[in-house]
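Please open the structure in your viewer and keep the selection tool at hand. The tour proceeds from one selection to the next.

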Amino acid sequence: MGFNNLTKTLTFNIYDVCYTETAEEQMAYLGYIDEMYSAARLTDILSNVANIIGANILNIARQDYQPQGASVTILISEEPIAAGQLSNSTRPGPMPDTVAAHLDKSHITVHTYPESHPENGISTFRADIDVSTCGRISPLKALNYLIHSFDSDIVTLDYRVRGFTRDVEGRKLFIDHKINSIQNYLVQETRDRYQMIDVNVFQENIFHTKMMLKDFDLNNYLFNKDKHDIAPREQVRLESLLRREMAEIFYGKNLRRGLS
């Protein structure tokens with residue numbers, strides 16, 4: 001098989017949840033998020049993704065928004081000498097400290113969405129990342145690096161292969177690599193840390209995985225506070241509030257009152 005024009009798209013949504021008791025804490029949290037995930041840092045992350053998938057960067061457009069949020073778009077093209085070295089084997093891609101591999105041409109984008117509940121003190125940060133490639137390599141190879149580049153309480157992943165290419169005899173190929181779950185591209189450490197659900201449509205080459213952290217430590221969700229400075233009954237209330245927020249994001253629906 002020579003020229004390959006299959007389009008492979010990975011859409012990656014991460015959510016970070018935090019409790020901010022006062023308006024001042026809420027603004028401080030949003031300021032922290034804006035600093036942690038500024039357009040400059042997001043550009044660094046996406047540039048490393050391009051390196052992982054072996055792409056040449058053609059153009060970078062980035063923007064920090066007021067009062068919060070940022071966007072980055074990177075146009076990429078394939079490295080001409082990389083085609084013979086590509087691999088779509090069903091195994092995890094590299095971690096942040098072992099960046100290497102190769103790709104084809106398309107784009108990488110990220111948009112961030114900080115938001116907060118008007119009454120109960122919950123603040124949520126969402127980052128939407130899209131890695132779209134046209135060619136042999138799958139953007140799933142960048143998945144481990146992306147997950148470990150963000151503090152992710154909940155992750156939703158969508159992967160789809162569109163179009164078709166042909167083999168040397170003219171036979172159409174609607175997918176050029178084996179896959180039965182996005183989970184196969186995650187390292188064992190990640191699979192152990194998260195509760196996961198797959199919703200796949202194999203005949204349409206559509207794969208969907210949802211992930212939520214298994215372990216819950218209230219201190220990880222308090223901004224500039226320690227749980228030991230909070231009364232036990234209030235700790236229980238806050239844990240229930242935060243677990244409910246995470247569960248609603250994970251299941252994609254509002255839970256009935258009394259459920260968490």
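How many bridges join strand β6 to β10, and do they run parallel or antiparallel? Select residues 154–162, which form β6, together with β10: seven bridges join the two strands, and they run antiparallel. Please note that this model is predicted. To view one facing position, select Arg-160, which stands opposite Ile-206 in β10.

Next, add strand β9, residues 194–198, to the selection. Five bridges join β9 to β10, and this pair also runs antiparallel. Here the bridge partner of Gln-195 is Met-212 in β10.

Now display β10 alone with its surroundings. Seven of its eight residues are buried, so β10 is largely enclosed by the rest of the structure.

Within β10, which spans residues 206–213, select His-208. Is His-208 buried or exposed? Its relative accessibility is 17%; because buried means under 20%, His-208 counts as buried. Its side chain makes a polar contact of 2.7 Å with the side chain of Asp-158. Leu-157 lies 51 residues away in sequence, yet the C-alpha atoms of Leu-157 and His-208 are 5.6 Å apart. Beyond its neighbours within four places in sequence, His-208 is in contact with several residues, including Thr-156, Ile-182, Ile-197 and Val-199.

Finally, select His-177, in the loop between β8 (172–173) and α4 (188–193). With a relative accessibility of 7%, His-177 counts as buried. Add Tyr-159 to the selection: the side chains of Tyr-159 and His-177 are joined by a polar contact of 2.8 Å.

Terms used. Residues are numbered from 1 along each chain as its sequence is written. This is a predicted model: local features need pLDDT of at least 70, side-chain atom pairs count only at pLDDT 80 or more; totals for chains, interfaces and linings use all residues. Side-chain values use heavy atoms; hydrogens and water are left out. Helices (H or I, at least four residues) and strands (E, at least two) are DSSP runs, numbered from the N terminus. Buried means under 20% relative accessible area, exposed over 50%, partly exposed in between (1.4 Å probe, protein chains only). A polar contact is a pair of N or O atoms within 3.5 Å; within protein, one must be able to donate a hydrogen and the other to accept it, and residues adjacent in sequence count only if both atoms are side-chain atoms. Contact means heavy atoms within 4.5 Å. Two strands pair if DSSP finds at least two bridges between them.
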